[in-house]
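I am opening a notebook on a structure that is new to me. The entries follow the order in which I looked things up.

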Amino acid sequence: MAIQIVMDRTGDTRHEFDAEDIKAVAAAERRFNELMLAGFTAASRTASGDTMVTRTFDPAAEETLFYPRLVGG
Amino acid sequence: MLAITLSSAARRLWHFLIDRVREVQVRRARYWELHASSREPEARGLTLLREWLSPEQRAQFDAERYFDVIGCHSGKRYRIRYGTSANVDELDDAGVPRMGWCFVPNAYLVAGDVMLAQKIALETNERAALAVANRFPRSLPSAPAFTVVRSRGF
């Protein structure tokens with residue numbers, strides 16, 4: 001199972017989907033694009049544990065984390 | 001003689017006040033973190049943060065309540081302290097905080113989430129993070145100059 005984690009006021013909301021299920025992958029891609037349009041940043045981790053930012057949906061990514069746009073505090 | 005004594009007392013009072021301010025800051029941060037475990041969103045944020053920290057960062061955070069990250073562009077070291085604003089310090093070569101940076105997500109998030117977003121931003125796109133950030137000097141203001149006022153003789 002792959003997972004998309006979206007930071008929000010509850011801590012986070014997790015959306016799991018089966019990467020083999022075409023419908024589920026399409027829904028995950030739609031969610032990814034909606035979050036990108038809303039200004040979120042998507043990050044995933046490489047096998048070595050490094051973090052990388054991604055701007056396109058990767059159906060093979062096991063875990064993608066989304067956080068809102070950063071602004072000066 | 002009296003003026004020197006007064007000046008010395010004022011300096012001691014200044015240092016006393018600075019120490020108390022630091023104490024209050026540390027206690028407030030610890031209070032919020034201790035009570036985070038009993039508030040679900042805060043606890044979820046801390047769990048997510050720990051999942052994404054490197055083993056070294058996780059150990060540092062568990063021991064010190066902060067963790068260090070290396071900026072991907074400059075190679076500078078930053079310290080992210082528990083908190084939701086004004087909690088990122090740029091460290092010098094000796095590990096002393098020299099500059100504070102404030103950049104936060106534009107939606108309300110709990111401390112763990114804010115810290116994780118700051119970590120990812122500095123490690124993957126440091127320039128963009130600092131471009132939107134506000135900065136402030138980290139060192140406390142130096143002690144005021146206590147001028148000796150000589151009384152006029154009558």
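Entry 1, contacts in chain B. Before counting, I note that two residues are in contact if their C-beta atoms, placed from the backbone, lie within 7 Å. With that cut-off, residues 24 or more positions apart account for 54% of the contacts in chain B that have a separation of 6 or more. I also note that the model is a predicted one.

Entry 2, the make-up of chain B. I found five helices and five strands in chain B. Reading along its sequence, I wrote down the pattern α-α-α-β-β-β-β-α-α-β. Chain B has 154 residues, and 25% of them count as buried.

Entry 3, two helices of chain B. I looked up how α2(B), residues 40-52, lies against α4(B), residues 111-124. Two packed helices are described by the angle between their axes and the distance between the axes. Here the axes come within 6 Å and cross at roughly 30 degrees. Angles under 35 degrees count as roughly parallel, and α2(B) and α4(B) are therefore roughly parallel to each other.

Which residues of α2(B) and α4(B) meet? From α2(B) I listed Glu42(B), Gly45(B), Leu46(B), Leu48(B), Leu49(B) and Trp52(B). From α4(B) I listed Ala111(B), Gly112(B), Asp113(B), Met115(B) and Leu116(B). Sorted by class, this contact of α2(B) with α4(B) has seven nonpolar, two polar and two charged residues.

Entry 4, Ala43(B). I placed Ala43(B) in helix α2 of chain B. Is Ala43(B) buried or exposed? Ala43(B) has 16 C-beta neighbours inside 10 Å, so it counts as partly exposed. I also checked Ala43(B) against Ala111(B), which is 68 residues away along the chain; their C-alpha atoms are separated by 9.4 Å.

Entry 5, the largest nonpolar core. This core has 38 residues. Those with the most contacts inside it are Leu49(B), Leu116(B), Ala117(B) and Ala129(B). The element that gives the most to this core is α4(B), with eight residues. I followed up Ala129(B): leaving out residues up to four places away in sequence, it touches Leu70(A), Phe103(B), Ala121(B) and Leu122(B).

Entry 6, Leu91(B). This residue lies in strand β3 of chain B, residues 88-91. Leu91(B) counts as partly exposed because it has 16 C-beta neighbours inside 10 Å. What does Leu91(B) touch, not counting residues up to four places away in sequence? I wrote down Arg77(B), Tyr78(B), Arg79(B), Val96(B), Pro97(B) and Arg98(B). Arg77(B) is 14 residues from Leu91(B) along the chain, and their C-alpha atoms are separated by 5.6 Å.

Entry 7, the sheet of chain A. I turned to chain A, where five strands form an open sheet with mixed pairing. What is the order of the strands? It reads β2-β1-β5-β3-β4. The edge strands are β2 and β4 of chain A, each of which pairs on one side only. From one strand to the next, the twist averages 25 degrees.

I then looked at β1(A) and β2(A), which run antiparallel and are joined by seven bridges. Ile3(A) stands opposite Glu16(A) in β2(A), and Gln4(A) stands opposite His15(A) in β2(A). A hairpin of two residues joins β1(A) to β2(A).

Entry 8, helices on the sheet. Helix α1 of chain A, residues 22-37, packs on the sheet and touches β1, β2, β3 and β5 of chain A. Its direction makes about 150 degrees with that of β2(A). From the other chain, α4(B) packs on the sheet as well, touching β1, β2, β3, β4 and β5 of chain A. The direction of α4(B) makes about 85 degrees with that of β4(A).

Entry 9, where the chains meet. How many residues of each chain are in contact with the other? I recorded 18 residues of chain A against 28 residues of chain B. On the side of chain A that touches chain B, β1, β2, β4 and β6 each supply at least two residues. By class, that side has nine nonpolar, six polar and three charged residues.

Strand pairing also crosses between the chains: β6(A) pairs with β4(B), residues 97-105, in the antiparallel sense over three bridges. Leu70(A) stands opposite Pro105(B) in β4(B).

Notes: Residues numbered from 1 in each chain as written. Chains lettered and ligands numbered in written order. Predicted model: local features only at pLDDT ≥ 70, side-chain atom pairs only at ≥ 80, totals over all residues. Axes fitted to C-alpha atoms, helices over the stretch in contact; angles between N-to-C directions. Parallel < 35°, antiparallel > 145°, perpendicular 65-115°, else oblique. Nonpolar A, V, L, I, M, F, W, Y, C, P; charged D, E, K, R; others polar. Pairing = 2+ DSSP bridges. Buried ≥ 20, exposed ≤ 12 C-beta atoms within 10 Å, placed from the backbone. Core = buried A, V, L, I, M, F, W, Y, C linked by C-beta atoms within 7 Å.
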